Structures are given as C-alpha cells and as structure tokens.
Amino acid sequence: MNGIQVALGTASFGTAISQEDSHRVLDKYASLGGRVIDTANNYAFWYPNGKGGDSEAVIGNWLERKDRSMFTIMTKIGSQPIDVKEKIRKLEGLSPEAVYSAVDKSLVRLKTDYIDILLAHHDDRHTPLLDTWRAFSALVSAGKVRQVGISNYSPQRVAELTRVVREYSLAPIGFVQLQYSVINPVDGADLEEKLVRLDPEMRETLARLLPEAKIFAYAPLLRGKIFETTAKDKWPSKYESIQNRSKVSEIQLEARELGVSPSAYVLKQIADQGVWPITATGNVEHLEGNLKLFSDRGV
Ligand SMILES: NC(=O)c1ccc[n+]([C@@H]2O[C@H](COP(=O)([O-])OP(=O)(O)OC[C@H]3O[C@@H](n4cnc5c(N)ncnc54)[C@H](OP(=O)(O)O)[C@@H]3O)[C@@H](O)[C@H]2O)c1
C-alpha cells in the first residue's frame, strides 16, 4: 500500500458529515499523502438520515474524479440491516448470496469495478466460515475484489477461519480490523460486544496465525473524547482510572514538547507499533493536525 500509514475513516460521511465537507476531508487527506480509505456498506444506517451505503456513495462521487489506481478502498459487508426501518434489525449476514449481492451494490455506489480490500464486518455465526470464505475467494478470482480480511472476529474464530482457509486453499486473510488505542478500558468495563479489541490475546493469535496480515485500529482516538480533554473534564466511565489519567497527561506533555496535538501523537504511537490507525474527522484542521507526524515514505 502506498502513502502514509494512516487510513481515513468515513463512517459519518454522507450522514453526520455532508458530502461537500466529506469531499474536503478526502481532498485534504489525499494532499497529505493519504491513500487508504475505510468505509462499510452499512455506514451509517444508525443516523436519522442514514440508510447504509451513504458513505460509499460519497466516496464514489469523489473517486470518479480521481485517479482510481492511486487509492486503496477498504469496505466491509455483512452488517447492513435488511430493513433499516425495523425496530429489531436483522442483518444481511455473510451467506454467499448476501456476500455477492452486497459486493455488487458496493461496486455501484463506489463507482468502481473493483474493491481493493473487502472485509467481513462482523462474525456471522449463522453461516459456516467455509461458505463465506468460498464466496470471498470467488470474488477475488472474478477480479471484483483484490484482497480480503476480517473485522471483529474473536481470537477463537480467527483460529477457526485460518484453519479453513489453509485446508481449502482459499484467499488469504490479509487484513484484520479491530478496536485499539494506546489506553485500555478499565477492568470490568461494559464494552460493546460486537466490537472486538486488539488485546494481548488477539495480538498473540495474529502473530502466530496471521503474521503477514496488516492490522488496522479503529477508534484510535477513542471517538475524540479523551486525549484532547483537560484534567477537569469528564471521560467515558469505561476509561476512567488513575492509570489512564496519568498516561494521558504524559501523552499530552510529550505532544506539547513536539509541538503537535495529543491526537497526532497517539496516531503516530499506534503506527510505530506496526498497526495502521484509522482516523476519522469532519474537520479539515483536525485532519491536518492529526497527520503532522506522518510523511509520505511510501510504506
Ligand atoms: N470495523 C469496525 O467495526 C469499525 C467500528 C468503528 C469504526 N470503524 C472505522 O474507523 C473509523 C474511525 O473510528 P472513530 O470515528 O471511532 O475514530 P476516532 O479517531 O477514535 O474518533 C473520531 C472522532 O474524534 C474526533 N477528533 C479527531 N481528531 C480530533 C482532534 N484533533 N481534536 C478533537 N477531536 C478530534 C472527531 O471529531 P471531529 O470531526 O470534530 O474532528 C471524531 O468525532 C470510522 O470512521 C470507521 O471507518 C470501524
């Protein structure tokens, strides 16, 4: 992959962030050497004006005016509700039929004839891993998708899928997307079940079973609610601890010494661990500041 080692998150593009502002952020990201754009076919059905596919459509409208080959588009499927208006939403899942249909729709919205990286957004326990991965592999063979990966699979399911991929010589799992930042939730915190973290067990599993896979960290700035706050500000309770407070003070101090924002410092720390942070913002100044410590070294 070319460009700086930070992907651009676009979950709010086309919903909370207008198409015009989204295109400004995309232009700025590209001008700063950014080349990897992260989206999903369900971004962002949870906003009142969202139905899923909104982010992909905004990216497609931008991409058609660019040199397509310069950018890596990473999208995810499997977690779009079949009917967004339903109160209890049933997701499309990862059956072969759902996978083929989701990819064809994503290609139309993205206005492209291939997806660089296709990820299974969340584990689908109702579909055998072999069925999903045969479909993913068939899409690679057909040229609709270049490479494949997973997001939010537990270490146990990563191990099962790795076995399936090897046994049936299917398309390799080249990418893994997980939640990760430089501070950890406190023990016993109520975490969102569907969002799987890059914790020590996961790191060990990936190093052992998928040493070649690139790891992407989502929510690296903890949704903007911690690193840019002052000592008096309230934090989300799942991160509130003396240890985290003192780590964040250290980060803020070191960032100040370097003349950058704490957000910029955190993103660089994550990248220095060999992980690709996915940063998201609707604010061009934030983006410029966040990428201050990255330069296009052709990573
Ligand atoms: N695979 C998955 O299941 C999954 C789950 C969640 C997210 N993702 C992907 O990861 C991306 C990033 O996730 P995220 O949005 O949670 O990332 P994040 O980087 O942790 O948080 C983004 C938030 O931080 C704020 N922010 C950014 N820079 C800032 C700065 N310098 N000062 C103050 N606030 C700042 C932004 O607000 P402003 O707009 O005001 O800058 C935005 O609200 C998503 O867009 C999506 O592509 C994937």
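## A walk through the predicted model

Pro81 is partly exposed, because 17 other C-beta atoms lie within 10 Å, a count below the 20 needed for a residue to be called buried. Keep in mind that this is a predicted model. You can find Pro81 in the loop between strand E3 (72-77) and helix H3 (96-110). Among the residues more than four places away in sequence, Pro81 touches Phe45, Glu86, Arg89, Lys90 and Leu91. Now look at Glu92: it sits 11 residues from Pro81 along the chain, and the two C-alpha atoms are separated by 5.8 Å.

From that loop, let us move on to the helices. Two packed helices are described by the angle between their axes and the distance between the axes. Keep those two numbers in mind for each pair that follows.

Begin with H3 and helix H4 (residues 129-141). Their axes are 8 Å apart, and the angle between them is about 35 degrees. H3 passes H4 in a right-handed crossing. On the H3 side of the contact you will find Pro96, Val99, Tyr100 and Val103, and they meet Asp131, Thr132, Arg134, Ala135, Phe136 and Leu139 in H4. What classes of residue make up this contact of H3 with H4? There are 7 nonpolar residues, 1 polar and 2 charged.

H4 also packs against another helix, H5. Here the angle is about 55 degrees and the axes are 10 Å apart. With that angle, H4 is oblique to H5, because the angle falls outside the ranges that count as roughly parallel, roughly antiparallel or roughly perpendicular. The crossing of H4 and H5 is right-handed. Leu129, Leu130 and Trp133 in H4 meet Glu160, Leu161, Val164 and Val165 in H5. Sorted by class, this contact of H4 with H5 holds 6 nonpolar residues, no polar ones and 1 charged.

Follow H5 to its contact with H6. H5 covers residues 155-167 and H6 covers residues 200-209; they pack at an angle of about 15 degrees, and their axes lie 9 Å apart. Why do we call H5 and H6 roughly parallel? Because angles under 35 degrees count as roughly parallel, H5 and H6 fit that description. H5 passes H6 in a right-handed crossing. Pro155, Val158, Ala159 and Thr162 are the H5 residues that meet Glu201, Met202, Thr205 and Leu209 in H6. The residues of this contact divide into 5 nonpolar, 2 polar and 1 charged.

While you are at H5, pick out Arg163, which belongs to this helix. Is Arg163 buried or exposed? Arg163 is exposed, because 12 other C-beta atoms lie within 10 Å, and a residue with 12 or fewer is counted that way. Between Arg163 and Val176 there are 16 Å in space, C-alpha to C-alpha, and they are 13 residues apart in sequence.

Next, turn to the inside of the model. The largest nonpolar core has 80 residues, and those with the most contacts inside it are Ala7, Leu118, Ile215 and Ala217. Take Leu118 as an example. Leaving aside residues up to four places away in sequence, Leu118 touches Thr75, Ile77, Val103, Phe136, Leu139, Val145 and Val148. Some of these names come from the helix contact you have already met: Val103 is in H3, while Phe136 and Leu139 are in H4.

Finally, look at some details of the backbone. Most residues other than glycine have a negative phi, and most peptide bonds are trans. With that in mind, visit Tyr43 and Ala44, which are joined by a cis peptide bond with omega of about -10 degrees. Ala44 lies in the loop between strand E2 (36-38) and helix H2 (54-63).

Ser169 has a phi near 50 degrees, a positive value in a residue other than glycine. Ser169 is found in the loop between H5 and strand E6 (173-179). Ser169 is exposed, because 8 other C-beta atoms lie within 10 Å. Leu222 has a phi near 50 degrees too, again a positive value in a residue other than glycine. Leu222 sits in the loop between strand E7 (214-218) and helix H7 (242-258). Leu222 is buried, because 20 other C-beta atoms lie within 10 Å.

Notes: Residues are numbered from 1 along each chain as its sequence is written. This is a predicted model: local features need pLDDT of at least 70, side-chain atom pairs count only at pLDDT 80 or more; totals for chains, interfaces and linings use all residues. Axes are lines fitted to C-alpha atoms, for helices over the stretch in contact, and angles run from 0 to 180 degrees between N-to-C directions. Helices (H or I, at least four residues) and strands (E, at least two) are DSSP runs, numbered from the N terminus. Angles under 35 degrees count as roughly parallel, over 145 as roughly antiparallel, 65 to 115 as roughly perpendicular and the rest as oblique. A crossing is left-handed if the near helix is turned anticlockwise from the far one by less than a right angle, and right-handed if clockwise. Two residues are in contact if their C-beta atoms, placed from the backbone, lie within 7 Å. Ala, Val, Leu, Ile, Met, Phe, Trp, Tyr, Cys and Pro count as nonpolar, Asp, Glu, Lys and Arg as charged, and the others, Gly among them, as polar. A nonpolar core is a set of buried Ala, Val, Leu, Ile, Met, Phe, Trp, Tyr and Cys residues joined through C-beta atoms within 7 Å.
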